[in-house]
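Here is a set of questions and answers for a first-year student, in which each term is set against the value that earns it. Please keep the sequence and the structure in view while reading.

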Amino acid sequence: MSGSQISNGRGHRVVITGGAGFLGSHMCEYLLERNFEVVCVDNLLTSSHRNIDSLTADPRFSFVLHDIAQPLEIQGPVEYVMHLASPASPRDYMQYPIETLLAGSSGTRWALEIAKENGAVLLLASTSEVYGDPEVNPQAESYWGRVNPVGPRSVYDEAKRFAEAMTMAYHRKHGMDVRIARLFNVYGPRMRLNDGRVLPAFMSQALSNEPLTIYGNGSQTRSFCYVDDMVEGLSRLMTCSISKFGGNGRSSGVQLPIVNLGNPEEVTVLQLAREVVETTGSFSDISFEPLPEDDPKLRRPDITKAQTLLQWEPTVPRAEGLRKVTPYFRAALAGEPEADKVTVHG
């Protein structure tokens, strides 16, 4: 990663929806370390107050228990709004389909309204799932995707696609400064063991010496980005000048403020399973189950835009990331109360 990191956000106030979640809590922590004031908004549907317990003593941090699908007024000035709120794992959005759709629709609207009222920058955390089951690899921001709008995964895919459309509508109608980050498979401490995503599932199975469950034949690919790299990328996107995107985004030929953030180091699910077994020292075997409907076969970001505009690229190789996150999963599996604190930023 080249370019300077944000070193001092003194005087800048950030509202982070979904701030008590896995990614959101790391984002809160990262910005507080850089002297931003942080307002964390979360309804704790799929997140936990434990993720932010260590932050509550900081006078620059405040927590608002609220569902962003409902209107919210923030007292005092706001320079940035980061809309991260949404169930993000297959298990969660299957359990909470309506809530997922509302987080992407009404939640995005009210986050945008907070930004509009304050003249603030709005950053939307979108997802690589907007590309669906892609026919191109790697996926660049110009690719429109291949999504089943009525499939079992559509509540998440279409919520994020609608959120992007809503964000661009506010940008064009109101001249708002907005940015959209399409995130690819973020992992790290504070992920829930039972959230249904592949890495927590593999880690919990490997550390229990149980068979690792692969859906399909394991040839499908994913690209995993360690959370420390992701929060750095998000912060750079949030604070960069909109002039990097070529103006207000209303005329043809102007670069849209949409950026892939992820690690282009692609790996098959079968290879990932083998790496987790090796990293954890597990005696687990591998078992195979039928592939779920609409499960994407390919997932790899083209990060040329992030490299060019933000001077950002991941620095944590997957092997290192797996080693870094293993102590957290080991502690979480053992039920240790301090598991959420097994992390080092820098």
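Q: How far apart are the mean positions of the positive and negative charges of the chain?
A: In this predicted model, the mean position of the 33 positive charges and that of the 41 negative charges are 4 Å apart.

Q: How do you know whether the radius of gyration of the chain agrees with that of a compact globule?
A: For 346 residues, the rule for a compact globule gives a radius of gyration near 20 Å, and because the chain has 19 Å, the two agree. The C-alpha trace spans about 55 × 45 × 40 Å along its principal axes, and the secondary structure comes to 10 helices and 13 strands.

Q: What share of the contacts in the chain with a separation of 6 or more comes from residues 24 or more positions apart?
A: Residues 24 or more positions apart account for 81% of those contacts, where a contact means heavy atoms within 4.5 Å.

Q: Why is Y93 called buried?
A: The word buried is kept for residues under 20% relative accessible area, and Y93, at 2% relative accessibility, therefore counts as buried. Y93 lies in helix α2, residues 90-95, and, leaving aside residues up to four places away in sequence, Y93 touches P87, A88, T100, R153, V155 and Y156.

Q: What makes P134 buried, and where is its place in the chain?
A: P134 has a relative accessible area of 7% and is therefore buried, since the cut-off is under 20%. Its place is in the loop between β5 (121-127) and α5 (154-174), and, not counting residues up to four places away in sequence, P134 touches Q139, Y143, P296, L298 and R299. P138 lies in the loop between β5 and α5 as well, and a cis peptide bond, with omega about 0 degrees, joins N137 and P138.

Q: Why is helix α1 described as largely enclosed by the rest of the structure?
A: Of the 12 residues of α1, 11 are buried, so the helix is largely enclosed by the rest of the structure; among them are F22, H26, E29 and Y30.

Q: How do you know that the span of α1 agrees with the expected one?
A: At 1.5 Å a residue, the 12 residues of α1 (residues 22-33) should span 16 Å, and because the end C-alpha atoms are 17 Å apart, the helix agrees with that expectation. Helix α8 (residues 269-280) also has 12 residues, and α8 reaches 16 Å from its first C-alpha to its last, close to the 16 Å expected.

Q: What covers the buried residues of α8?
A: The buried residues of α8 include V269, L270, L272 and A273, and their cover includes α6 (198-207), β12 (266-268) and α10 (318-333).

Q: Why is N185 called partly exposed, whereas R190 is called buried?
A: Partly exposed residues fall between the cut-offs of 20% and 50%, and N185, at 23% relative accessibility, therefore counts as partly exposed. R190 has a relative accessible area of 5% and is therefore buried.

Q: What is the phi of N185 and of R190?
A: Most residues other than glycine have a negative phi. Phi of N185 is nevertheless positive, near 40 degrees, and R190 has a positive phi of about 85 degrees although it is not a glycine. N185 is found in the loop between β6 (178-183) and β7 (186-187), while R190 is found in the loop between β7 and α6.

Definitions and conventions: Residues are numbered from 1 along each chain as its sequence is written. This is a predicted model: local features need pLDDT of at least 70, side-chain atom pairs count only at pLDDT 80 or more; totals for chains, interfaces and linings use all residues. Side-chain values use heavy atoms; hydrogens and water are left out. Helices (H or I, at least four residues) and strands (E, at least two) are DSSP runs, numbered from the N terminus. The radius of gyration is taken over C-alpha atoms; the globule rule is 2.2 Å times the number of residues to the power 0.38. Lys and Arg count as positive and Asp and Glu as negative; His and the chain ends are not counted. The place of a charge is taken as NZ of Lys, CZ of Arg, CG of Asp or CD of Glu. The expected span of a helix is 1.5 Å times one less than its number of residues. Buried means under 20% relative accessible area, exposed over 50%, partly exposed in between (1.4 Å probe, protein chains only).
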